[in-house]
Amino acid sequence: MSGPLSGIRVIEIGHMLMGPYSTMLLADLGAEVIKVEPPEGDIGRRVSPHSIGAHNAYFASLNRNKKSVVLDLASREGQAKLGALVQGSHALLTNLRPAAIRKLGLTYAHLKRWNPKIVCVALTGYGLDSPYAERPAYDYVIQALTGIMALTGAPDGPPVKTGYSAVDNSAGIMGALGLVAKLVEGTGGQVDIAMYDVMLSQLNYIAGAWLNAGEPARRMDHSAHPYIVPAQIFPTRDGWIALFITHDDFWRRFAEEVRQAHWLTDARFATMAARRSNRELVLGEIAAVLRDEGTDDLVQRLSKLGVVAAGVESLEQALASEQTAARNMVVHMDGGGTAIRVVGNPIKVMGAVEQFAPPPLLGEHDDLAGGGCAA
C-alpha cells in the first residue's frame, strides 16, 4: 500500500466494529494492518445475513486493506508469535475488555519487553481503570449512559438511539488519532480510550451549558438547535427540508426569497436574538410558508443565495448522489471474482492514490507469524 502511513505496521486484535473501523482508516492511508484473529475468527465475519462471494457484508465493510493471521493468544506458542509480530511493528490496537486485554498481555507494560517503542491503544467501554471498567459495554448502553439517548427523539416520545453506531465509529476515530499522535511523538506507551469519555466529549457545548449556566439538556421538536432559530427540519409539499440560518444577513435573503418581507421589519423576527426569544411564533410562520414549497426547488433557490438548506434524503439516495460519486465515496473491490461495494475513506490526501483491497480470508496471511494458529 502507498499513502502517508506507508511503512507503518499496526497489529489489530479487535472484533465487530470499533477496533476494525479504527485500523481500517489507518490501512486506507497506507499502514500495513495485521488482523490477529482467534481460530474461529472475528465474530464480525458472521454478523450480516448478506454474503458477497466468500465474504460477509458486515465484515467486508470494516476490514478492507488488511491481512489476517490466526493465533491462539491463550497459548504459550501464540504469545511467542505475537511477541515476534510486536518486534517488527509500530503499534497494537485492541477493543477487548480490560480484563481480557491484561490476561492476553496486550498492554504496553507487557509488550515493551519485545519492543519499547510499541504504541498500545486500548479501546474499551469505560477505560482500563475506572469504577465501571469491567462492565460490558456496547454502543447502545454508552448512548444510554452519556445522555445521547435522552437527547434524541421527539420531546414527548421515548429516548432514541442514533440511527447508526455513533459511539463505535467515534471511538474508532479517536483510537486512530491517539495512535498516530503517539507515533509522531516517537516514544512507545499506552493510549487509553473509553467509549464513555468519547461521547461525553462530543456533547461539548451542550454539556458546557449545564456546567456553566445550569441549563439542562433537552430534546427539541423537529431536530431543532437549542440556540439558533431557524435550525431544524420542516415539512414541505413533497418531503422535508433542513434549514440552518445563523446570521441575520442570511435571514434577510431567506425572507426575501420566500416573499415574507415583513419578517425583516417585525422586531420579533428581525434578529437572531429576537428569533430565539420568539421561537414558537417564528417557527410556526416559517412552517406555514414552507409546507407549500417543493423541496428540491427551494433548496436550489436558497443554495444560490448562500443559505444553508438541504432535502432530507434516504441513505439510498445519498449513496447514489453525484456528490458521493465525485468524492469517490462508494468504491469497488474484487472479492475473488465478485464485486464488493463499500463506503470509501473520507480522508483525501492530495497526491496519494486511493487503493482498496478486499478483506482477508481467515488466516490468509498466517505466514507472517511463522505458521499461524498455535494450539
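In this predicted model, D249 comes out as partly exposed, because its relative accessibility is 34% and the buried class ends under 20% while the exposed class begins over 50%. R252 lands in the partly exposed class too, with a relative accessibility of 34%. The two side chains meet in a salt bridge, with N and O 2.8 Å apart. Both residues sit in helix α11, which runs over residues 248-257, and they are three residues apart, or about one turn of that helix. Side chains of opposite charge can pair when their charged atoms come close.

That pair is part of a bigger set, as the structure holds 19 salt bridges. Take R301 and E293: their closest N and O atoms are 2.9 Å apart, and here both partners are buried. Some salt bridges share partners, and in this way E12, K35, D42 and K66 are joined into one network. Then there is R45, whose side chain meets that of E37 in a salt bridge of 2.7 Å, N to O. R45 and E37 are both buried as well.

The residues of the network turn up again around N63. This asparagine lies in the loop that runs between α2 (57-60) and β5 (66-70). N63 counts as buried because its relative accessibility is 0%, and anything under 20% falls in that class. What does the side chain of N63 reach at 3.0 Å? One partner is the backbone oxygen of F59. Another is K66, whose side chain is joined to that of N63 by a polar contact of 3.0 Å. Setting aside neighbours within four places in sequence, N63 is in contact with E12, P20, M24, K35, D42, P359 and P360. Among these, E12, K35 and D42 belong to the salt-bridge network, as does K66.

Now for the strands. β9 (residues 231-235) and β10 pair in the antiparallel sense over five bridges, and a hairpin of four residues joins the two. Within this pairing, P235 stands opposite W240 of β10. β10 also pairs with β11 (residues 308-311), again in the antiparallel sense, over four bridges. On that side, I241 has G311 as its bridge partner. The side chains along β10 (residues 240-244) alternate: I241 and L243 point to one face and are buried, whereas W240, A242 and F244 point to the other face and are not.

A similar story can be told for β12 (residues 330-334) and β13, which pair in the antiparallel sense over five bridges. Here H332 stands opposite R341 of β13. The two strands form a hairpin with four residues between them, and G336 in the turn has a positive phi of about 70°. Which residues of β13 are buried? Along this strand (residues 339-343) the side chains alternate, with I340 and V342 pointing to one face and buried, while A339, R341 and V343 point to the other and are not.

Lastly, the surface has a nonpolar patch made of Y138, Y140 and V141, which together have about 350 Å² of accessible area. V141 lies in helix α6 (residues 139-145). With a relative accessible area of 35%, V141 is partly exposed.

Definitions and conventions. Residues are numbered from 1 along each chain as its sequence is written. This is a predicted model: local features need pLDDT of at least 70, side-chain atom pairs count only at pLDDT 80 or more; totals for chains, interfaces and linings use all residues. Side-chain values use heavy atoms; hydrogens and water are left out. Buried means under 20% relative accessible area, exposed over 50%, partly exposed in between (1.4 Å probe, protein chains only). A polar contact is a pair of N or O atoms within 3.5 Å; within protein, one must be able to donate a hydrogen and the other to accept it, and residues adjacent in sequence count only if both atoms are side-chain atoms. Contact means heavy atoms within 4.5 Å. Two strands pair if DSSP finds at least two bridges between them. Patches are made of residues with over 30% relative accessible area and no salt bridge: like charges are joined within 9 Å, nonpolar side chains (Val, Leu, Ile, Met, Phe, Trp, Tyr) within 5 Å. Accessible areas come from the Shrake-Rupley method with a 1.4 Å probe; for residues, only the protein chains shown count as cover. A salt bridge is a side-chain nitrogen of Lys or Arg within 4 Å of a carboxyl oxygen of Asp or Glu.
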